[in-house]
Amino acid sequence: MIITNLTKKFGKKHIFDHSEFVFPHGKVTYITGESGRGKTTLLRILAGLDKSYSGKILDGYKKISYVFQEPRLFSSISVKENIEISSQNSKYSVEKLLDLLELSNEANSSVSSLSGGMKMRVALARAIYRDGDLFLMDEPFSALDDELKSRILPKIFEILKGKTIIIVSHNIEEANIYSDSIINLNYLQ
C-alpha cells in the first residue's frame, strides 16, 4: 500500500504535509513517534475512518481488521460472542484463538469481569478472527506485561504471517524484533 501526497491538518497545525508512505504487502510495519505526531490519525485514514485529508491511497485493502487503542468490546455479551461478532465465516476457531492468547478459561465470561490486558487480548482475537487483508493495530500490546508478550507475540505474528500489518507502538524494542520496517514520525518533515 502506498500513500502519496498526504496532507492532514487539525486547525492550522499540519500533521502531514505532502507526506509519502509505503507499507509493503504481506509485511509488518511499525509506526513510532512521540505523542501528537499523527500515528493514530494515519491508521484512521488508512481504515477510512478519517476522510478529511488530501492525497491518494493506492492499493487499498477491502477487508480490514482493526485493533483500537481501547478494546471497544460489548460488555453485555460473552468473550466468545465478542469475537464471533466480527465475522460470520472465519477460517479460525474461537477456541484456537482463545488458547493462543491464553484466554481459554474465559470463553463464556462476561467482558466486564476481565482485566484491561484480558480485554485487549479479546480485541486481538476478534481482529484475527475477522481475518482481514490488512491489520491495523493501535498500541495493541501496551496493556500486556513483558512475560505474557514474550509468550504470545511470536504466536500472533506466526498466525498472521503473510498479512499486511501496520502497528502503532511506542515500544522500539518490540518494533525492532517483530517489524520488517519502521516508520518513525518524529523524523517526518
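Before going in, I note that I call a residue buried when its relative accessible area is under 20%, and that what I have open is a predicted model.

**Entry 1: the aromatic pairs**

By that cut-off I find F141 buried, and F157 buried as well. For F157 I looked up the value itself, a relative accessible area of 13%, and this is why I enter the residue as buried.

I then asked how many aromatic pairs the structure holds. The count is 5. I took F141 and F157 from the list, where the ring centres are 6.2 Å apart and the planes stand at 65°, so I wrote the pair down as edge-to-face; planes over 60 degrees apart are given that word. The pair joins distant parts of the chain, since F141 sits in the loop between β6 (134–138) and α5 (146–159) while F157 sits in helix α5, 16 residues away.

How do the rings of F157 and Y178 lie to each other, stacked or edge-to-face? Their centres are 4.8 Å apart and their planes meet at 15°, so I have them as stacked, the word used for planes under 30 degrees apart. F157 belongs to helix α5 and Y178 to helix α6 (residues 172–178), so this pair ties together parts of the chain that are 21 residues apart in sequence.

Elsewhere in the chain I noted one aromatic cluster, formed by F16, F21 and F23.

**Entry 2: I83**

I placed I83 in helix α2, which covers residues 79–84. Its relative accessible area came out at 0%, and therefore I record I83 as buried.

Which residues does I83 contact once its neighbours within four places in sequence are left aside? I listed V94, L98, V122, A125, R126 and Y129. I also checked R130, which is 47 residues from I83 in sequence, and found the two C-alpha atoms 8.3 Å apart in space.

**Entry 3: I45**

I45 is in helix α1, residues 39–47, and because its relative accessibility is 2%, it too goes down as buried. Not counting residues up to four places away in sequence, I45 touches L6, K8, D50, Y53 and I57. When I looked up G33, 12 residues from I45 along the chain, the separation of the C-alpha atoms was 17 Å.

**Entry 4: the whole chain**

I counted 6 helices and 8 strands in the protein chain, and from the N terminus on I read their order as β-β-β-α-β-β-α-α-α-β-α-β-α-β. The radius of gyration is 17 Å, close to the 16 Å that the globule rule gives for 189 residues, so I describe the chain as being as compact as a globular protein of that length. The C-alpha trace spans about 50 × 30 × 30 Å along its principal axes.

What share of the 189 residues counts as buried? I have 50%. Among contacts in the chain with a separation of 6 or more, residues 24 or more positions apart account for 72%.

For the surface I wrote down an accessible area of about 9600 Å², with 47% of it belonging to carbon and sulfur atoms. Finally I tallied the charged side chains, 25 positive and 23 negative, and noted that the centres of the two sets lie 7 Å apart.

Definitions and conventions:
Residues are numbered from 1 along each chain as its sequence is written. This is a predicted model: local features need pLDDT of at least 70, side-chain atom pairs count only at pLDDT 80 or more; totals for chains, interfaces and linings use all residues. Side-chain values use heavy atoms; hydrogens and water are left out. Helices (H or I, at least four residues) and strands (E, at least two) are DSSP runs, numbered from the N terminus. Buried means under 20% relative accessible area, exposed over 50%, partly exposed in between (1.4 Å probe, protein chains only). Contact means heavy atoms within 4.5 Å. The radius of gyration is taken over C-alpha atoms; the globule rule is 2.2 Å times the number of residues to the power 0.38. Accessible areas come from the Shrake-Rupley method with a 1.4 Å probe; for residues, only the protein chains shown count as cover. Lys and Arg count as positive and Asp and Glu as negative; His and the chain ends are not counted. The place of a charge is taken as NZ of Lys, CZ of Arg, CG of Asp or CD of Glu. Rings of Phe, Tyr and Trp (its six-membered ring) pair if their centres lie within 6.5 Å; planes under 30 degrees apart count as stacked, over 60 as edge-to-face and the rest as tilted.
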